[in-house]
Every structure is written in C-alpha cells, then in structure tokens.
Amino acid sequence: MTTVSPSVEVERKTPFLKRLERVSWTWVVTIVYLTVMLLIPIAAMFLKASTETPARFWAIATSDIALATYNVTFVTAIFAALLNGVFGTLIAWVLVRYDFPFKRLIDATVDLPFALPTSVAGLTLATVYSDNGWIGSLLAPLGIKVSFTRTGVAVAMIFISLPFIVRTVQPVLQEMEHEIEEASWCLGASQWQTFWKVILPPLFPTILTGVALGFSRAVGEYGSTVIISSNTPFQDLIAPVLIFQRLEQYDYPGATVIGIVLLSISLVLLLAINFLQAWARRYDSR
C-alpha cells in the first residue's frame with residue numbers, strides 16, 4: 001500500500017488554494033451576505049411549507065379567500081405601478097426640464113414615502129380620504145368612497161411606489177442630449193413625434209425598471225394598506241394581511257404556503273418585466 005508524503009499532498013492542494021487566494025474578498029462577502037440574508041430565509045420558508053402534503057398545499061393556495069387576496073394584491077399593484085409609470089415619468093420630466101419656484105422642495109417631497117413610516121402613511125391617507133377628510137369630503141357627494149375600500153388600497157400602493165419610478169427615470173432624462181431633440185425639430189417633427197420616436201424608445205426600458213420596482217414595493221406593502229383598507233375578505237383583503245392573520249391563528253404552514261405563492265407569482269411577473277426590458281434594449285440597439 002502506497003502512502004502520499006505530506007509534501008506531495010501540499011503540492012496537490014496548491015492549485016486549489018491558489019484559486020481560492022485569487023477570489024476577491026468582495027466576492028466572498030457578497031456571497032456570504034446573500035446566503036445569510038436571502039437564500040437561507042427563502043429555503044427555510046420552502047422547507048416549512050414542505051411539511052404540508054401536496055393536496056393540503058394546493059387546498060390552501062387555491063382556497064377562495066386566498067384567490068380573492070391574490071386578485072386584490074396583484075391586480076391593484078399592477079394598476080398602481082402602471083399608473084405611476086405614466087405620471088411618475090411626467091413628474092420626472094417636469095423636474096428635469098423645467099425651472100419653477102420651490103422646485104427643490106417638490107423634488108425632495110417625492111422621496112417622502114421612502115422616509116415616512118408606512119403606518120403613518122396609512123393613517124394619513126385614511127384620514128385625508130375619509131368621508132370627512134379634505135379629499136374624501138369632495139368625493140363623497142359623487143358617491144366615491146376611498147378609505148376602507150379597495151380604492152384605498154390602490155391609493156396607498158400608488159403613494160408608496162411613486163418614488164421608485166421618478167428616481168429611476170430622472171437620471172436618464174438628465175443624461176439625454178437636447179441636441180437630438182433639436183435635430184428632430186429641425187427635420188420637421190412635432191413635439192409629440194419627437195417624444196414618441198426619439199425620447200421614448202431609449203427611455204422605455206428605464207420606465208419598465210421603475211414599474212418593476214414600484215410593483216414589487218406595492219405587492220409587499222403592509223403597514224399603510226392594513227390601515228386604509230377594511231381588511232374584509234373578498235373585498236379589500238390583501239395577501240400580506242392574510243398571512244398575518246394566519247400567523248395570529250398560529251397557522252404557520254398556512255401562512256408559509258400563502259407566502260410562497262406570493263413569492264412565486266411576484267418572481268414570474270418580475271421575470272416577465274425583465275424579459276421586456278431585455279427585448280426593448282435589443283430593439284433600441286438596432
């Protein structure tokens with residue numbers, strides 16, 4: 001029986017050790033941080049849900065109340081993100097292209113949803129849009145009720161996701177060259193044609209990025225929506241609130257199942273948006 005001397009063993013390990021030494025410490029820190037903060041919690045959630053049988057998992061995920069919360073959560077979040085995609089781009093355009101009094105104040109106000117606690121935002125929105133509130137009192141005679149309805153959920157999602165679109169589009173608009181627009185005007189194009197054919201194509205992937213970020217933020221929102229909505233099943237109950245209700249009932253597997261469905265649907269939608277972004281960039285490169 002042959003034995004390997006320690007020196008030969010060290011020589012065999014040397015190439016592997018050299019490859020490890022060439023790995024950047026920033027890469028190691030990134031992998032460790034993502035593993036601890038992202039991969040392990042997600043894996044733990046899937047392991048917790050695996051304690052349920054497939055039939056039980058399907059029954060929880062497709063129950064009537066769960067399907068109703070998916071509808072309220074994702075449809076409302078998509079609506080809020082798309083609406084902010086339009087008006088957020090308009091706000092970014094005004095902040096970049098125009099000078100007006102209190103511009104810096106308004107620009108700073110856009111970031112308010114970032115700093116404002118979500119519970120405070122929900123309380124403020126519920127008060128303003130209530131039947132006796134500043135805005136709600138104007139809408140009440142028209143038969144429009146906002147607070148404690150699905151409309152209130154949409155308002156809260158729009159409020160908390162607006163900065164993502166504005167702050168994503170704004171830097172790109174600042175870097176755009178005005179000479180291109182002037183050249184388009186000199187060639188006889190109208191302002192609308194210039195925007196549609198010259199400005200929008202390179203800006204479209206950025207708008208999609210902002211919409212994706214706003215959608216992700218809206219789907220996971222809890223603090224403001226739980227206050228401005230009535231949390232009534234089949235009306236304005238959202239999935240994050242349903243998860244919390246399951247936890248209050250000590251139904252941890254049920255809450256985990258709803259969370260996994262929420263995560264899976266969000267991931268599929270985000271992948272679809274990323275695919276559209278990649279397609280738009282390839283189209284622009286042509």
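The paragraphs below lead from the overall fold to a surface patch, some ring pairs and one buried residue.

This is a predicted model, in which local features need pLDDT of at least 70 and side-chain atom pairs count only at pLDDT 80 or more, while totals for chains, interfaces and linings use all residues. Residues are numbered from 1 along each chain as its sequence is written, and side-chain values use heavy atoms, with hydrogens and water left out.

The protein has 14 helices and zero strands, where helices (H or I, at least four residues) and strands (E, at least two) are DSSP runs numbered from the N terminus. Of its 286 residues, 35% are buried, a word that here means under 20% relative accessible area, with exposed meaning over 50% and partly exposed lying in between (1.4 Å probe, protein chains only). Among the contacts (heavy atoms within 4.5 Å) with a separation of 6 or more, 75% are between residues 24 or more positions apart.

On the surface, a nonpolar patch of about 1,100 Å² is made by residues including Trp27, Ile31, Val36 and Ile40. Such patches are made of residues with over 30% relative accessible area and no salt bridge, nonpolar side chains (Val, Leu, Ile, Met, Phe, Trp, Tyr) being joined within 5 Å and like charges within 9 Å; a salt bridge is a side-chain nitrogen of Lys or Arg within 4 Å of a carboxyl oxygen of Asp or Glu. Val36 is found in helix α2 (residues 25–49), and it counts as partly exposed because its relative accessibility is 46%.

The whole structure holds four aromatic pairs, meaning rings of Phe, Tyr and Trp (its six-membered ring) with centres within 6.5 Å, called stacked if the planes are under 30 degrees apart, edge-to-face if over 60 and tilted otherwise. In one of them, the ring centres of Phe114 and Phe164 are 5.1 Å apart and the planes stand at 90°, so this pair is edge-to-face. Phe114 in helix α6 (residues 112–115) and Phe164 in helix α9 (residues 150–175) are 50 residues apart, so that the pair links distant parts of the chain. Tyr222 and Phe244 form a tilted pair, with 5.7 Å from centre to centre and 55° between the planes.

Thr149 lies in the loop between α8 (136–139) and α9, and it counts as buried because its relative accessibility is 19%. Leaving aside residues up to four places away in sequence, Thr149 touches Ile228, Ser229 and Asp236.

Terms used. Areas by Shrake-Rupley, 256 points an atom, 1.4 Å probe, with all protein chains shown as cover.
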